[in-house]
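The following paragraphs explain how some helices and strands of this chain are arranged. Please keep the structure open while reading.

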Amino acid sequence: MLVYALPGTLETREADLDLLWEAGATGLEERGGQIRAYFDERLEFTGPLAGGEWLEEQEQDWQAAFKRDIRPVVAGRITIAPPWLADEVPATQLPLIIEPGMAFGTGHHATTRLAVEALSALDLNGKNVLDVGTGSGVLAMAAAKLGADLAYGVDIDPQTIPVARENAAQNGLSAPQAQFDEGTLAQGSFTAPAGHAALAEQGYDVLVANLFAELHDLLAATYLEHLRPGGALLLTGILEDRLSLVLAALEREGVRGVEVRQEGEWALVTGQKAG
C-alpha cells in the first residue's frame, strides 16, 4: 500500500483534502500529526501538496480510520457533521450534514468555522444571503438553517454546484430557500446566471465569502454592489500576513464598522455597507 504523508491535520489542511481526492487518493486519515493519503501509484506533487513523503505499508481499512478520526464541528448555533455522526449533533444545535471529501468546506478548517459563527451571530430570519465561492455549499446552507429566506451560493467551479445541491437536498433544503449556480470571475467582478441579477436587484442583506485575500481585494467593490445599504459583509479565508490587504480594500470602498477576528493564522473580517 502506498501512503503519501503530509504534515498537518484534517483541520489545518482542509483546503488540501479535495486536491488529494482529485489526485486519485483512495482514502485519507489523520495520524500522529500527519494527513495520510492512500494511492494505487506513486505521483509527483507540486504546490500545496509538495513536501510530503511516500511510505509503503500493509493494507488496512482506511475508511474505518478516516471515520474514526473525523469529529462533528460546533460553530455557533450550527454543528457540522458527516452522515455517520449525525446522531451526535446535540438537540440544542442545528445540524448541517456534509459528506467529507466532496468539495471544500467540511467545517474543520478555521475559516469555515469563523464564517459559520459569524452567520450564527446575525438575525437571518427573513433575510437574503449571498455566498460567493460556495464550494460544498456549507455557508449558504448554514444561512438557510439559521432562518434566511434565501441563501444563494455561486461558484466559478462547475463541479461544486452539483455537490452543493446534493448537500442541500441531504439537509432538507431546497429552492427557493437554498439555491446554487455557476458564476464567472472576470475583470474584477463575479457574475452568475440571469436569475442572480433578479435576485440581487434589491441587494442582499448579507454577503459571505470564504476566499483568499487577493480575491477579496479584487472583488471588494463588487461585493458592495450586491449588498443593500447597511448590509453585512463577512469575509474569511484571509491569512494573517495578508490581512492588511483586505482592510485597505474595505477602507477604500468605505465599508464601516470593520472588525477582525482571528483564529491561529486565519482571520475573519466583518463590516457593513454604508448607506
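**Helix pairs and a small sheet order**

In this predicted model, helix α7 (residues 213–225) packs against helix α8 (residues 243–252) at an angle of about 10 degrees, and their axes are 9 Å apart. Because angles under 35 degrees count as roughly parallel, α7 is roughly parallel to α8. On the α7 side, the contact is made by Ala213, Glu214, His216, Asp217 and Ala220, while α8 contributes Leu245, Val246, Ala249 and Arg252. By class, the residues of this contact are five nonpolar, one polar and three charged.

The next element is a sheet. Strands of a sheet pair through backbone hydrogen bonds, either parallel or antiparallel. Here three strands form an open sheet in the order β5-β6-β7, and the pairing is mixed. Its edge strands are β5 (73–75) and β7 (94–97), each of which pairs on one side only. Direction ignored, neighbouring strands of this sheet are turned by 25 degrees against each other on average. Strand β5 and strand β6 (residues 78–81) run antiparallel and are joined by three bridges. Within this pair, Val74 stands opposite Thr79 in β6.

Helix α3 (residues 110–120) packs on the sheet, where it touches β5 and β6. The direction of α3 makes about 40 degrees with that of β5.

Helix α3 also has a helical partner. Two packed helices are described by the angle between their axes and the distance between the axes. For α3 and helix α4 (residues 138–145), the axes come within 10 Å and cross at roughly 25 degrees. This crossing angle is under the 35 degrees that bounds the roughly parallel class, so α3 and α4 are roughly parallel to each other. Their crossing is right-handed.

Which residues of α3 and α4 meet? From α3 come Thr112, Ala115, Val116 and Leu119, and from α4 come Val138, Leu139, Ala142 and Ala143. This contact has seven nonpolar residues, one polar residue and no charged residues.

One residue of α3 can be followed further. Is Ser120, which lies in helix α3, buried or exposed? Its relative accessible area is 9%, and because buried means under 20%, Ser120 is buried. Apart from neighbours within four places in sequence, Ser120 is in contact with Ala75, Gly76, Arg77, Ile78 and Leu146. Of these, Ala75 falls in β5 (73–75), and Ile78 falls in β6 (residues 78–81). Ser120 therefore touches residues of two strands that α3 packs on, β5 and β6.

Terms used. Residues are numbered from 1 along each chain as its sequence is written. This is a predicted model: local features need pLDDT of at least 70, side-chain atom pairs count only at pLDDT 80 or more; totals for chains, interfaces and linings use all residues. Side-chain values use heavy atoms; hydrogens and water are left out. Axes are lines fitted to C-alpha atoms, for helices over the stretch in contact, and angles run from 0 to 180 degrees between N-to-C directions. Helices (H or I, at least four residues) and strands (E, at least two) are DSSP runs, numbered from the N terminus. Angles under 35 degrees count as roughly parallel, over 145 as roughly antiparallel, 65 to 115 as roughly perpendicular and the rest as oblique. Contact means heavy atoms within 4.5 Å. Ala, Val, Leu, Ile, Met, Phe, Trp, Tyr, Cys and Pro count as nonpolar, Asp, Glu, Lys and Arg as charged, and the others, Gly among them, as polar. Two strands pair if DSSP finds at least two bridges between them. A crossing is left-handed if the near helix is turned anticlockwise from the far one by less than a right angle, and right-handed if clockwise. Buried means under 20% relative accessible area, exposed over 50%, partly exposed in between (1.4 Å probe, protein chains only).
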